[in-house]
Structures are given as C-alpha cells and as structure tokens.
Amino acid sequence: MKIGMPAQTEPSALIPNSSKKINYIDHLKVVLTILVILHHTFITYGAPGGWYYTQKTTHIGALIPMTMFVAINQAFFMGFFFFLSAYFISPSYQKKGATQFVLDRLKRLGIPLVFYSFILSPVLIYLIYYFGEGHHIGFLQFLSGFDDWIDFGVLWFVAALLLFTLIYVLWRGIVKARSAKILAAPSAGMIILFAVFIGVISFFVRTIFPVGWVLKPVGFQLGHFTQYVAMFTLGLTAYKNNWLSKLPYRTGKQMLLLIVVLILIFPVFYIIKQKTNMPLEWFNGGFHWQALLYAVWEQVIGFAIITRLLIVGREWWNNSSALLSKLSRYTFAVYIFHPLVIISFALCAADWTIDPSVKLLIVAPLAVVGSFLLASVIVLIPGVKKII
C-alpha cells in the first residue's frame, strides 16, 4: 500500500566533530536544525510543501507569513548545511586517508539511511495510517501490505551528502593534489553576481525539473540541486582559502541591507500572480519569466543570508557555551527523529477545534523542545553515539 511521500525540504547536516573547534559553527548548526523542525511544522499547518501529515489553514492572513517563512528558509538552510559539511571534508580526508575516510562516511551516513528507510519510515506512516486516517489495524498487518521500503524521507540530504562525498573522494584519487594560488575572499558584489548566475542555472534546470518534482526513491528535488552542488563546492573552496576568517565585516553589513530589501520585495510575487492571473506553479518552473524572477530572488537572498550568518557568527557568536555545545551534539539525532516528534504532536492536536494556524503556535515550540529531548536520550544508547 502506498501512503504518501514526505517533503524534500527538510534538512540537517552531519558535520564532522572537527567543527567543534570553531564555536560559532556549532551554534549555527543548532539554529539551522531548529529551522528544519519549524520548516516542517509550518508545512504541516499551511505553508506550501509536502509532508507526512497536514492540516492546512485556509486563512490568508496566516498563509502569507507562513509561505514567506518556508520560502526564505528554503532559499538558504539546506544549501548552508552542504557548505558547512563540505568545509570540513578536506581535513578529515587528509587525516584519515581515502579508505578510512570512506568507511567512516559509509558508517555515519549509510547506517542512518538504512535505519530511517527500513525502520523509522514505516513507523511514521503507520502512525498516520492508524491515528490520522482511522485504519485500526495492527502494525504487522500494516507491514504485510507496505511497499515503500526504499524511502529516505528527510534523510534525502544525507543520501546527497554521501553521494557528493564519494564523488569528492573519486576526484581526489584522479586529480593529484598540487599547490594553487590562494583566492581572496569574495566581495559582496562577487557573491551577488555568483548568486544571480546560480539563479539563472536553477531556472534552466527547473524548466525540466520544477520545484516539487521528486526523484524517487531517493527523494531529491533536482530543482534545488544547482545551489546544493554550488554550496558543497564552495565549502571545499572556502576551507582551502580560509574564507571564513577573511570575509570582511563590511560585507556582512551590506548583506543585511540586501536581505531586508529582498524580504520586502517578496509580496511582489503575490501581486504578479493576481495581476497576471497566472498559475502559482509558474514560479516553480517551466519556461516562464516568473520562474526566472523567483529563481534569481531565491538564490540572491539565500547567498546573502548565508554570508551574513557566517560573519555575524564569527564576530559576535564565537564564545563557548556549554548549553549550545551540548545541543550541537544532538543535532544529527534531532534531524533524524524530528518527524516522529512533529507527527506525534500533530496527531495529538488533530481533534482540537481551533484553526490550524493556532495549532502551529502550540505545536512548533513543543516540537523543537521535544526533538532535542528525544535526541538527548537516543545518543545515550550504547553504540549510537559512535554513529550519530
């Protein structure tokens, strides 16, 4: 039996432990992981996107800010995870050597993929089938008709990261390491130009693979992968050239101004839709000028937010914190198990006679706290902490 497909937009990174040497990277991991939880909770209650279980609000006053939140989130948070993950790949590869590095990646990325697909995913779908849809059958009976065994769900990111990492190892094996000229940290203008370029490439990719089109069973939305590939490559380049310490503080200030302007521009997309009477899907892909406009907006604001966060983190948020360090330790477990927490709370609140947008205000903070609490317990299980 087929019981639906989870959203692609979901997403945490497995960043090697060497990231802990830079405190603000740990702190940013926590923020990004919280955004992943909120992203899927917003989709549950009305924001556009696919998810395991939804109760969508119809109030336009709630839908507009919810849509803005997931649109801005999608513009940067998963690309940022790819950047941070790639940033620490090279030193790990050099320290462990190719064989040990690959074995380590297969263990820390491959085992969670198998666990999610064959154990957690069927449980999630059964909860919805039983409590959300009212099919009161036993779990074993449910499994007898279950046929979605290859389902990475939110771990599509882990599958993509493993793929990118193996390609990197193959490239390192073919291309001999050689000294190269150190590249200066990019200016604000260069970052914006590159973001526009990625936006244009994304537009052409989306003429074939519009946003929302999912490559099954791995769950890749190829319409977003132009940014992901670019960010992964930039992460490798940034480490090699020490960009994180070289990005000018002035660039961060310029990016903040750009971010504010682009957020204020977002309602223009609603105006365009109303004035042209166009299908909303034209923003997601196809050979439409609206799709080009949105793709460029998305990449420019995404690159601007990432740059701003890196600089703000380095300048203002690099102090050690026992709490944030502990929460950072839980982020990968949170990423894996947060669907279970969101779905459980959403099912508990399903029969409340209030608008879904109000449920969001209650369920969202509970999902964040519950996900981290569950993760703190899971990492205590013998053997688990060696993987996640």
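Visitor: What percentage of the 388 residues in the chain is buried?
Guide: Buried residues make up 53% of the 388. Keep in mind that this is a predicted model.

Visitor: And the surface, how much does the chain expose?
Guide: About 17,600 Å². Carbon and sulfur atoms supply 70% of that area.

Visitor: How many helices and strands are there?
Guide: The chain has 14 helices and zero strands. Read from the N terminus, every element in the run is α.

Visitor: What about overall dimensions? How does the radius of gyration sit against a compact globule?
Guide: The two agree, because a compact globule of 388 residues would have a radius of gyration near 21 Å, and the chain has 21 Å. Along the principal axes, the C-alpha atoms fill a box of roughly 65 × 60 × 40 Å.

Visitor: Switching to charges. How many positive and negative side chains?
Guide: There are 29 positive and 12 negative side chains. The centres of the two sets lie 18 Å apart.

Visitor: Now the inside. Which residues touch the most other members of the largest nonpolar core?
Guide: F80, F82, F83, W156, F157, L310 and Y335. That core holds 126 residues. Helix α2, residues 60-87, gives the largest share, with 17 residues.

Visitor: Take F82. What does it touch, leaving out residues up to four places away in sequence?
Guide: F82 touches W156, F157, A160, L161 and F164. Y228, M231 and F232 are also among its contacts. Two of these partners, W156 and F157, appear in the list of core residues with the most contacts to other members.

Visitor: Backbone next. Which peptide bond is cis?
Guide: The one from K216 to P217 is cis, with omega near 5°. P217 is in the loop between α7 (188-206) and α8 (225-241).

Visitor: What is phi at N242?
Guide: Near 55°. That is a positive value in a residue other than glycine. N242 lies in the loop between α8 and α9 (243-246).

Visitor: Where is N277?
Guide: In the loop between α11 (267-276) and α12 (289-316). Phi of N277 is near 55° too, again positive in a non-glycine residue.

Visitor: Is N277 buried or exposed?
Guide: Exposed, because its relative accessibility is 69% and the cut-off for exposed is over 50%.

Visitor: And why is N242 called partly exposed?
Guide: Because its relative accessible area is 36%, which falls between the 20% and 50% limits.

Key
Residues are numbered from 1 along each chain as its sequence is written. This is a predicted model: local features need pLDDT of at least 70, side-chain atom pairs count only at pLDDT 80 or more; totals for chains, interfaces and linings use all residues. Side-chain values use heavy atoms; hydrogens and water are left out. Helices (H or I, at least four residues) and strands (E, at least two) are DSSP runs, numbered from the N terminus. The radius of gyration is taken over C-alpha atoms; the globule rule is 2.2 Å times the number of residues to the power 0.38. Buried means under 20% relative accessible area, exposed over 50%, partly exposed in between (1.4 Å probe, protein chains only). Accessible areas come from the Shrake-Rupley method with a 1.4 Å probe; for residues, only the protein chains shown count as cover. Lys and Arg count as positive and Asp and Glu as negative; His and the chain ends are not counted. The place of a charge is taken as NZ of Lys, CZ of Arg, CG of Asp or CD of Glu. A nonpolar core is a set of buried Ala, Val, Leu, Ile, Met, Phe, Trp, Tyr and Cys residues joined through side-chain atoms within 4.5 Å. Contact means heavy atoms within 4.5 Å.
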